[in-house]
Structures are given as C-alpha cells and as structure tokens.
Amino acid sequence: MGGMLAPRPAAPVVTGLGAVSAAGVGRGALWEAVSTGRVCTAPVSRFDVSGYPARMAGEVPSSALAALDSAVPVHACLAARYLAAAVREACEHAELALHE
C-alpha cells in the first residue's frame with residue numbers, strides 16, 4: 001500500500017489545568033492574579049543579574065516553595081519540582097487517579 005500511513009494509537013489527553021507561576025502555586029493563585037490585574041514581576045532574586053540588562057522577572061515566589069515541598073518530592077532541579085506540581089494539579093483537576 002504505497003503512501004498509506006499506519007494508524008497511530010490515540011494519544012492521552014489530560015483535561016485539567018495545573019499552574020506554577022509568578023502568582024504562586026495552583027490555578028487559583030494564577031486566576032486571582034490574572035482576574036484582578038495583579039502584576040507578578042519583581043526584581044530577580046535567585047541569581048546575580050548584574051551582567052544582564054533585565055532586572056525584573058516573573059519568578060515563582062519563595063513562599064510557594066513550601067507548598068511544593070508538601071506536595072512534591074524534592075528533586076535536584078527546581079524546574080522538575082514546578083513541573084511535578086503542575087502535573088499533579090492538572091491530574092487532580094481532571095479527576096484522574098494518581099498512583100504514587
């Protein structure tokens with residue numbers, strides 16, 4: 001059958017939302033900031049920006065790290081912890097069972 005592609009298996013779809021942002025952890029924190037027009041940028045605090053022209057950024061607040069620690073295992077990479085928290089929330093929002 002020249003030129004015909006084999007059908008692909010259906011890809012999983014998570015119909016939920018999870019957020020880790022400069023507004024904090026959770027879709028509620030993000031929605032509150034967006035719906036009230038709260039600006040979530042601040043001076044960069046996690047590294048030295050003296051060699052860069054930008055001094056402001058939308059960093060995940062340090063206070064949000066405690067929420068990550070209670071919900072997500074500590075990984076060497078902070079980005080992996082953000083990802084895990086957002087995925088966990090998206091799965092819960094989609095009412096999918098999580099197996100740990």
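**Figure 1. Ser 21 contacts Leu 30, Val 60 and Pro 61, leaving aside its neighbours within four places in sequence.** The model is predicted. Ser 21 sits in strand S1, which covers residues 20-21. Its relative accessible area is 16%, so Ser 21 is buried. One of its partners, Leu 30, belongs to helix H1. That partner is partly exposed, because its relative accessibility is 31%.

**Figure 2. The protein chain combines three helices with four strands.** Along the sequence, the order is β-β-α-β-β-α-α. The protein chain has 100 residues, and 22% of them are buried. Consider contacts between residues at least 6 apart in sequence: 39% of these join residues at least 24 apart. The protein chain exposes about 7300 Å². Carbon and sulfur atoms supply 63% of that area.

**Figure 3. Glu 59 is buried and has no salt bridge.** Glu 59 lies in a loop that runs between strand S4 (56-57) and helix H2 (64-71). The relative accessible area of Glu 59 is 17%, under the 20% limit, so this residue counts as buried. Arg 46 carries the nearest side chain of opposite charge, 4.5 Å away. A salt bridge needs the nitrogen and the carboxyl oxygen within 4 Å, so the Glu 59 and Arg 46 side chains do not form one.

**Figure 4. Glu 59 makes polar links to Ser 45 and to the backbone of Arg 46.** The side chains of Glu 59 and Ser 45 share a polar contact of 2.9 Å. The Glu 59 side chain also reaches the backbone nitrogen of Arg 46, at 3.3 Å. Arg 46 thus appears twice around Glu 59: its backbone nitrogen is reached at 3.3 Å, while its side chain is 4.5 Å away. Not counting residues up to four places away in sequence, Glu 59 touches Ala 22, Pro 43, Val 44, Ser 45 and Arg 46.

**Figure 5. Cys 40 occupies the loop between helix H1 (27-36) and strand S3 (42-43).** Cys 40 is partly exposed, because its relative accessibility is 22%. Leaving aside neighbours within four places in sequence, Cys 40 is in contact with Ala 22, Ala 23, Ala 33, Ala 57 and Gly 58. Ala 22 is also touched by Glu 59. Two C-alpha separations place Cys 40 in the fold. Glu 59, 19 residues apart from Cys 40 along the chain, is separated from it by 8.0 Å. Leu 30, 10 residues apart from Cys 40, is separated from it by 9.7 Å.

**Figure 6. Arg 27 and Glu 89 form a salt bridge, with N to O at 3.2 Å.** Arg 27 is in helix H1 and Glu 89 is in helix H3 (residues 78-93), so the pair ties together parts 62 residues apart in sequence. The two partners differ in burial. Arg 27 has a relative accessible area of 30%, so it is partly exposed. Glu 89 has a relative accessibility of 14%, so it is buried. The salt bridges come to two by count.

**Figure 7. Arg 38 and Glu 32 form a salt bridge.** The closest N and O atoms of Arg 38 and Glu 32 are 2.9 Å apart. Arg 38 is partly exposed, because its relative accessibility is 39%. Glu 32 is partly exposed as well, because its relative accessibility is 36%.

**Figure 8. Leu 30, Trp 31 and Val 34 make a nonpolar surface patch.** The patch covers about 320 Å². Leu 30 lies in helix H1. Its relative accessibility is 31%, and patch residues must have over 30%, so Leu 30 passes that cut-off. Leu 30 also contacts the strand residue Ser 21.

How values were computed: Residues are numbered from 1 along each chain as its sequence is written. This is a predicted model: local features need pLDDT of at least 70, side-chain atom pairs count only at pLDDT 80 or more; totals for chains, interfaces and linings use all residues. Side-chain values use heavy atoms; hydrogens and water are left out. Helices (H or I, at least four residues) and strands (E, at least two) are DSSP runs, numbered from the N terminus. Buried means under 20% relative accessible area, exposed over 50%, partly exposed in between (1.4 Å probe, protein chains only). Lys and Arg count as positive and Asp and Glu as negative; His and the chain ends are not counted. A polar contact is a pair of N or O atoms within 3.5 Å; within protein, one must be able to donate a hydrogen and the other to accept it, and residues adjacent in sequence count only if both atoms are side-chain atoms. Contact means heavy atoms within 4.5 Å. Patches are made of residues with over 30% relative accessible area and no salt bridge: like charges are joined within 9 Å, nonpolar side chains (Val, Leu, Ile, Met, Phe, Trp, Tyr) within 5 Å. Accessible areas come from the Shrake-Rupley method with a 1.4 Å probe; for residues, only the protein chains shown count as cover.
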